[in-house]
Amino acid sequence: MKKYIDLRNTKDYSELKYAASIIKEGGLVLFPTETVYGLGANGLSPVAVKKIYEAKGRKSDNPLILHIANLNMLDRIAKNISELEYKLIKSFFPGPFTLILTRTENVPNEVTAGLETVGIRMPSNEIANKLISYADVPIAAPSANISGKPSGTNVQDIFGELSEKVDCIVDGGNTDVGLESTVVRVINDIPTILRPGKITPEDIKNVAGKVNIDKHIFSKLSSDEKILSPGMKYKHYAPNSKCVLVYSKNNNLLKNKIKEISDSYKMPIILSRTENINQYGNKVVIDIGSDVNEIARNIFSVLRKVDKFNPDIVIIEGVDPQGLGLAIMNRLIRACEYNYIEIV
Ligand code: TXA
Ligand code: MG
């Protein structure tokens, strides 16, 4: 890393002009958004975008999202936008929402992994917005993490794995949402959620009248299936230790099952909601938060810490898969590599 810019306690963003110049010159900048940190490069430069794949160890068939600062940037990169798509844009930009649109010729194949579509997002985070404005190009940015690891929600968590691979780090403190954006594609006039996030199915239904949720949110892809969002087929968010996700609407059943599982291991670690942290005797327990907003904010950082305890099992309390809970459960099921127990 050549430059660290600390914007945690200031509203003076003048140093972002330097970070923007790095983007323009084809370098890599680690920067905050309201969802998770991004690993950004000039989204119109094939050479710059390739550096992202190298730094992350990302498979070249997994496309990137282009981040814009205003709607003037949209027409350069997307075309044939329908009325419904405009409605979604008006409702959810700027914010934790990515819309898959038909791309223009200006978007390099390296960004879309050869697809005819491109994911577009306008972050609401002020630092992200200023950085894109100063750079005056769409910024291609995946979540900042080595592929397969939980996404970075603060600079400390990802400094070790990425600092030597980027030209500049912009530190904006902890991210607000903590989970990546909701990814939506309009299919046959129905907004279809390819990845759940802070913008919930209910939010989208309120705007569009209808919404579909792609079935792969909770299930593994079989090898012969058509893949709408390539990212869904890769291992993600997983600690090195073996994990199991346990959920029940009935809290007593949930606690009993977790006790039972933990008793059959030597070094279990339990990721528990605040209300249950005193329910597991002398077992090692990490508090993941009391409500879905808090859990979303904490969960990636917690998943990054568990390996340090050298557990033989990580037992994770699930949440009701409603609203933001749907996104939390999607990430946790994948962190557990589909090792999921629901007790009814
Ligand atoms: O909140 C976020 O979206 C963060 C911040 C940095 O903006 N970015 C992020 O990017 O999570 P990434 O690359 O980690 O995840 C993007 C997801 C992947 O699952 C990818 O497969 C999918 O979006 N995606 C991107 N372009 C697509 C396209 N054209 N069609 C379908 N899926 C696409
Ligand atoms: Mg990612």
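Colleague: What makes Lys 17 and Lys 24 of H1 exposed?

Modeller: This is a predicted model. Exposed means over 50% relative accessible area. Lys 17 and Lys 24 count as exposed, on the other side of H1 from its buried residues.

Colleague: Which residues of H1 are buried?

Modeller: Helix H1 runs over residues 16-24, and Leu 16, Ala 19, Ala 20, Ile 22 and Ile 23 are buried there. Buried means under 20% relative accessible area.

Colleague: How do you know that the buried residues line one face of the helix?

Modeller: Look down the axis of H1. The buried residues fall within an arc of 155 degrees, so they line one face.

Colleague: What do the buried residues of H1 pack against?

Modeller: Their partners include strand E1 (3-6), strand E3 (38-42) and helix H6 (126-135).

Colleague: Why are H1 and H6 called oblique to each other?

Modeller: Their axes cross at roughly 55 degrees and come within 8 Å. Roughly parallel needs an angle under 35 degrees, and roughly perpendicular runs from 65 to 115. The crossing angle of roughly 55 degrees fits neither range, so H1 and H6 are oblique.

Colleague: Which residues make the contact?

Modeller: H1 gives Leu 16, Lys 17, Ala 19, Ala 20, Ile 23 and Lys 24. H6 gives Ile 127, Lys 130, Leu 131, Tyr 134 and Ala 135.

Colleague: How do the residues of the contact of H1 with H6 divide?

Modeller: Eight are nonpolar, three are charged and none is polar.

Colleague: What follows H1?

Modeller: Gly 26 does, with a positive phi near 95 degrees.

Conventions
Residues are numbered from 1 along each chain as its sequence is written. Chains are lettered from A and ligands numbered from 1 in the order in which they are written. This is a predicted model: local features need pLDDT of at least 70, side-chain atom pairs count only at pLDDT 80 or more; totals for chains, interfaces and linings use all residues. Side-chain values use heavy atoms; hydrogens and water are left out. Buried means under 20% relative accessible area, exposed over 50%, partly exposed in between (1.4 Å probe, protein chains only). Helices (H or I, at least four residues) and strands (E, at least two) are DSSP runs, numbered from the N terminus. The arc is that of the directions from the helix axis to the C-beta atoms. Contact means heavy atoms within 4.5 Å. Axes are lines fitted to C-alpha atoms, for helices over the stretch in contact, and angles run from 0 to 180 degrees between N-to-C directions. Angles under 35 degrees count as roughly parallel, over 145 as roughly antiparallel, 65 to 115 as roughly perpendicular and the rest as oblique. Ala, Val, Leu, Ile, Met, Phe, Trp, Tyr, Cys and Pro count as nonpolar, Asp, Glu, Lys and Arg as charged, and the others, Gly among them, as polar.
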